[in-house]
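Student: I've got a model open and I'd like to talk it through with you. Can I fire questions at you as we go?

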Amino acid sequence: METRDSDFNILLATDSYKTILVQIWYPITVATNSREQKKILAKHLMETSGSLEGLEYKLHDFGYRGVSSQETAGIGASAHLVNFKGTDTVAGIGVVKKYYGTKDPVPGFSVPAAEHSTITAWGKDHEKDAFEHIIKQFPSVPVSIVSDSYDIYNACEKIWGEDLRELVEKRNADAPLVVRPDSGNPLDTVLKVLEILGKKFSPIENSKGYKVLPPYIRVIQGDGVDINTLQEIVEGMKEHRWSIENIAFGSGGALLQKLTRDLLNCSFKCSYVVTNGLGVNVFKDPVADPNKRSKKGRLSLHMTQSGDFVTLEEGKGELEEYGEDLLHTVFRNGKIVKTYTFDEVRENARLKQNEVEELLQ
């Protein structure tokens with residue numbers, strides 16, 4: 001069998017393009033995982049408060065230090081920003097501004113936040129002084145203070161609940177103290193922290209019959225949070241009659257790094273080629289794994305009357321009975337022919353009313 005250099009170059013170029021294109025599995029997977037967590041939060045927020053207010057800030061990106069590179073941080077964080085507006089991974093803001101642009105000056109936001117060394121540098125005997133110093137530095141904006149450097153439960157009961165109680169009570173809904181536990185079993189820790197804070201700062205009962213701490217104090221759980229533990233925590237809170245209004249979450253490596261291409265089985269396959277002016281349907285159908293059978297021919301995407309998407313093969317979407325083809329050409333022969341702003345991307349990914357209603361069924 002004779003192989004010509006030109007044939008080899010074509011094959012190599014084709015495989016190289018596919019390799020580069022398929023790398024979009026990463027932002028696709030981050031955005032999908034992030035959106036699924038948004039659905040979990042939306043469901044439980046509606047059930048325990050009757051409103052989706054604050055949903056965009058319920059899952060904060062803590063993943064900067066957990067990823068493999070600056071490029072990974074930028075791409076992954078921008079994918080999460082499709083669904084939420086809270087982030088500490090500033091590289092993602094740069095990616096969005098450079099390649100998309102938004103109507104807002106920046107696409108993501110954060111708050112002043114203490115980390116362990118800003119507490120432990122004061123020494124164990126001066127944890128209260130560290131808390132007091134930080135909370136006084138930021139009187140008019142939300143401030144997050146990690147409180148588990150030594151004993152999270154003592155910090156909640158004694159320091160926040162007694163020693164600094166008056167300072168906490170002077171704050172308001174626009175500038176709450178956000179207590180951050182950062183160790184232990186996530187569900188157990190959250191429930192115990194809420195229980196202690198609830199004894200020190202009397203909660204009210206909202207219209208859904210769930211407990212809500214005073215608006216000047218909230219909790220953020222940023223340790224061990226992934227899609228599974230998030231589900232466990234919000235279900236546990238609901239079971240113990242705590243509204244999801246009380247809490248936000250931070251997710252790090254699980255949000256931006258603990259993902260693979262296999263999670264969503266993301267792949268690219270050739271479905272149609274033109275050889276000597278003749279169109280040919282192309283597909284694969286491995287006998288040992290029917291799940292790897294690929295779609296063939298010219299493909300089109302349509303929405304059914306029930307609101308579901310369906311992909312049609314072999315050019316069948318050209319028939320009027322299927323309605324508009326929702327696929328658009330964005331890249332042709334080395335040129336980008338269609339662009340989207342980040343606001344358009346966010347709108348496309350927004351939880352629609354019917355989706356929220358389905359979550360509550």
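Student: Which helix holds Lys18, and is Lys18 buried, partly exposed or exposed?
Tutor: This is a predicted model, so keep that in mind throughout. Lys18 sits in helix H1, residues 5–22. Its relative accessible area is 37%. Buried would need under 20% and exposed over 50%, so Lys18 comes out as partly exposed.

Student: How far is Lys18 from Ser267, C-alpha to C-alpha?
Tutor: Along the chain, Lys18 and Ser267 are 249 residues apart. In space, their C-alpha atoms are separated by 9.0 Å.

Student: Which domain takes in residues 1–25?
Tutor: The domain assignment gives two domains. One of them is domain 2, at 26–257. The other joins 1–25 with 264–360, and that is domain 1.

Student: How much area do domain 1 and domain 2 bury between them?
Tutor: Their C-alpha centres lie 38 Å apart. The contact takes 18 residues from domain 1 and 26 residues from domain 2. Of the area buried there, 66% is on carbon and sulfur atoms, and the total is about 1,900 Å².

Student: Now the sheet. In what order do the 5 strands of the open sheet come?
Tutor: The pairing is parallel. Strand E1 (59–61) and strand E2 (143–146) are the edges, since each pairs on one side only. From one strand to the next, the twist averages 30 degrees. Reading across, the order is E1-E7-E6-E3-E2.

Student: Which residue is the bridge partner of Ser144 in E3?
Tutor: E2 and strand E3 (residues 177–180) run parallel and are joined by 4 bridges. For Ser144, the partner in E3 is Val178.

Student: Which residue in E7 is the bridge partner of Val219?
Tutor: Val219 has a bridge on the E3 side, where E3 and E6 run parallel with 3 bridges and Val179 is matched with Val219. E6 and E7 also pair in the parallel sense, over 3 bridges. There, the partner of Val219 is Ile247.

Student: How many of the residues of E6 are buried?
Tutor: Take the two faces of E6 in turn. Ile217, Val219 and Gln221 point one way, and they are buried. Arg218 and Ile220 point the other way and are buried too. The count for E6 is 5 of its 5 residues.

Student: What angle does helix H9 make with E6?
Tutor: H9 spans residues 186–200. It lies across E3, strand E6 (217–221) and strand E7 (247–251). Relative to E6, H9 runs at about 170 degrees.

Student: And which strands does helix H6 touch?
Tutor: H6 covers residues 127–137 and packs on the sheet. Its direction makes about 165 degrees with that of E2. The strands it touches are E2 and E3.

Student: Which residues of helix H7 are buried?
Tutor: H7 runs over residues 152–163. Its buried residues have a cover that includes H6, E2, helix H8 (165–169), E3 and H9. An α-helix has 3.6 residues a turn, so residues three or four places apart point the same way. The buried set is Ile152, Ala155, Cys156, Ile159, Trp160 and Gly161.

Student: What reaches the backbone nitrogen of Tyr153 at the start of H7?
Tutor: The approach is to within 3.0 Å. The atom doing the reaching is a side-chain oxygen of Asp151.

Student: Is Lys158 buried, partly exposed or exposed?
Tutor: Lys158 is found in helix H7. Its relative accessible area is 35%. Buried needs under 20% and exposed over 50%, so Lys158 is partly exposed.

Student: How far apart in space are Lys158 and Asp188?
Tutor: In sequence, Lys158 and Asp188 are 30 residues apart. C-alpha to C-alpha, the distance is 19 Å.

Student: One more residue: why does His80 count as buried?
Tutor: His80 lies in helix H3, residues 70–80. Leaving aside residues up to four places away in sequence, it touches Val30, Ser34, Leu59, His60, Asp61, Gly86 and Leu255. His80 counts as buried because the cut-off is under 20% and its relative accessible area is 0%.

Student: Which side chain makes a polar contact with that of His80?
Tutor: The two side chains are joined at 2.9 Å. The partner of His80 is Ser34.

Student: Last one, for the whole protein: what share of the residues is buried?
Tutor: The secondary structure comes to 13 helices and 13 strands. The C-alpha atoms fill a box of roughly 80 × 45 × 45 Å along the principal axes. Of the 361 residues, the buried share is 39%.

How values were computed: Residues numbered from 1 in each chain as written. Predicted model: local features only at pLDDT ≥ 70, side-chain atom pairs only at ≥ 80, totals over all residues. Heavy atoms only, no water. Pairing = 2+ DSSP bridges. Helix = DSSP H or I, 4+ residues; strand = E, 2+ residues; numbered from the N terminus. Axes fitted to C-alpha atoms, helices over the stretch in contact; angles between N-to-C directions. Contact = heavy atoms within 4.5 Å. Buried < 20%, exposed > 50% of the residue type's maximum accessible area, 1.4 Å probe, protein only. Polar contact = N/O pair within 3.5 Å; in protein donor to acceptor, adjacent residues only side chain to side chain. Domains from an automatic or database assignment. Buried area = accessible area lost by both parts, 1.4 Å probe.
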